[in-house]
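Here are my notes for you, as promised. Have the viewer open while you read, and find each residue as it comes up.

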Amino acid sequence: MPYKIDNAILKKDKTGRVTLIEPENVFKDEDAFVAIKSDDLITIQLLINSILHNDFKRWSELGVVPETEPVKSLFVRLGYSKADIASLLKEF
């Protein structure tokens, strides 16, 4: 199942003014945006990929995750190796 996460760059200058950089004009009619650090966005995309692979057994064994734990730690908790993550990255 292919999926696409639309994204753009929000650039903030020294005065706090935010500029939307988005050449494809996907967000022209939107009123609000969410800003996510790029490495976290990649992590979220990889997690979505693992869900699409129906890896529900691993997810059910995850247990309670402390709120202070970074999103990236989910890969370790889910039992992914570096090779597994590389394989997920190749699917983009």
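**Notes on the predicted model**

1. Let's begin with Leu 10, which sits in strand β1, a stretch covering residues 9–12. Its relative accessibility is 35%, so Leu 10 counts as partly exposed. Keep in mind as you look around that this is a predicted model.

2. Which residues does Leu 10 come close to in the fold? Take Ile 21 and Leu 10: they are 11 residues apart in sequence, and their C-alpha atoms are 6.2 Å apart in space. Ile 21 belongs to strand β2. With a relative accessible area of 37%, Ile 21 is partly exposed. You can also try Glu 22, which is 12 residues from Leu 10 in sequence and 8.6 Å from Leu 10 in space, again C-alpha to C-alpha.

3. Now step back to the whole chain. How many helices and strands does the chain have? The tally is 4 helices and 2 strands. Starting at the N terminus, you meet them in the order β-β-α-α-α-α. The chain has 92 residues, and 18% of them count as buried.

4. How far should you trust what you see? The mean pLDDT of the chain is 78, with 87% of the residues at 70 or more. Where is confidence lowest in the chain, and where is it highest? It is lowest in helix α2 (residues 56–60), with a mean of 69, and highest in strand β2 (residues 18–21), at 89. As a rule, where pLDDT is low, don't read the predicted coordinates in detail.

5. Leu 10 turns up again on the surface. Together with Val 18, Leu 20 and Phe 33, Leu 10 forms a nonpolar patch there. The accessible area of these four residues together is about 310 Å². Phe 33 itself comes from the loop between β2 and α1, where α1 covers 38–52. Is Phe 33 buried or exposed, or something in between? Its relative accessible area is 38%, which lies between the 20% and 50% cut-offs, so Phe 33 is partly exposed.

6. Stay with Phe 33 a little longer, and look for aromatic pairs. The count comes to 1. The partners are Phe 27 and Phe 33: their ring centres are 5.6 Å apart and their planes meet at 75°, so this is an edge-to-face pair. The cut-off to remember is that planes over 60 degrees apart count as edge-to-face. The two rings' residues get separate labels for accessibility: Phe 27 is buried, with a relative accessible area of 17%, whereas Phe 33, at 38%, counts as partly exposed.

7. The loop between β2 and α1 has other residues for you to click on. Asn 25 is one of them. What is notable about the phi of Asn 25? It is near 60°, a positive value in a residue other than glycine. At 41% relative accessibility, Asn 25 counts as partly exposed.

8. Val 26 is found in the loop between β2 and α1 too. This residue is partly exposed, and its relative accessible area is 36%. Draw a distance from Val 26 to Ala 8: they are 18 residues apart along the chain, with 8.6 Å between their C-alpha atoms.

9. Move on to Ser 38, which has its place in helix α1. Its relative accessibility is 56%, so Ser 38 counts as exposed. Ser 38 and Ile 9 are 29 residues apart along the chain, and their C-alpha atoms are separated by 9.4 Å.

10. Finish with another serine, Ser 73, which lies in helix α3 (residues 73–77). Which residue does the side chain of Ser 73 join in a polar contact? The partner is the side chain of Glu 69, and the contact is 2.5 Å. Why does Ser 73 count as buried? Its relative accessibility is 17%, and buried means under 20%. Compare the labels of the two serines in your viewer: Ser 38 is exposed, whereas Ser 73 is buried.

Definitions and conventions
Residues are numbered from 1 along each chain as its sequence is written. This is a predicted model: local features need pLDDT of at least 70, side-chain atom pairs count only at pLDDT 80 or more; totals for chains, interfaces and linings use all residues. Side-chain values use heavy atoms; hydrogens and water are left out. Buried means under 20% relative accessible area, exposed over 50%, partly exposed in between (1.4 Å probe, protein chains only). A polar contact is a pair of N or O atoms within 3.5 Å; within protein, one must be able to donate a hydrogen and the other to accept it, and residues adjacent in sequence count only if both atoms are side-chain atoms. Rings of Phe, Tyr and Trp (its six-membered ring) pair if their centres lie within 6.5 Å; planes under 30 degrees apart count as stacked, over 60 as edge-to-face and the rest as tilted. pLDDT is the predictor's confidence in each residue, from 0 to 100. Patches are made of residues with over 30% relative accessible area and no salt bridge: like charges are joined within 9 Å, nonpolar side chains (Val, Leu, Ile, Met, Phe, Trp, Tyr) within 5 Å. Accessible areas come from the Shrake-Rupley method with a 1.4 Å probe; for residues, only the protein chains shown count as cover. A salt bridge is a side-chain nitrogen of Lys or Arg within 4 Å of a carboxyl oxygen of Asp or Glu.
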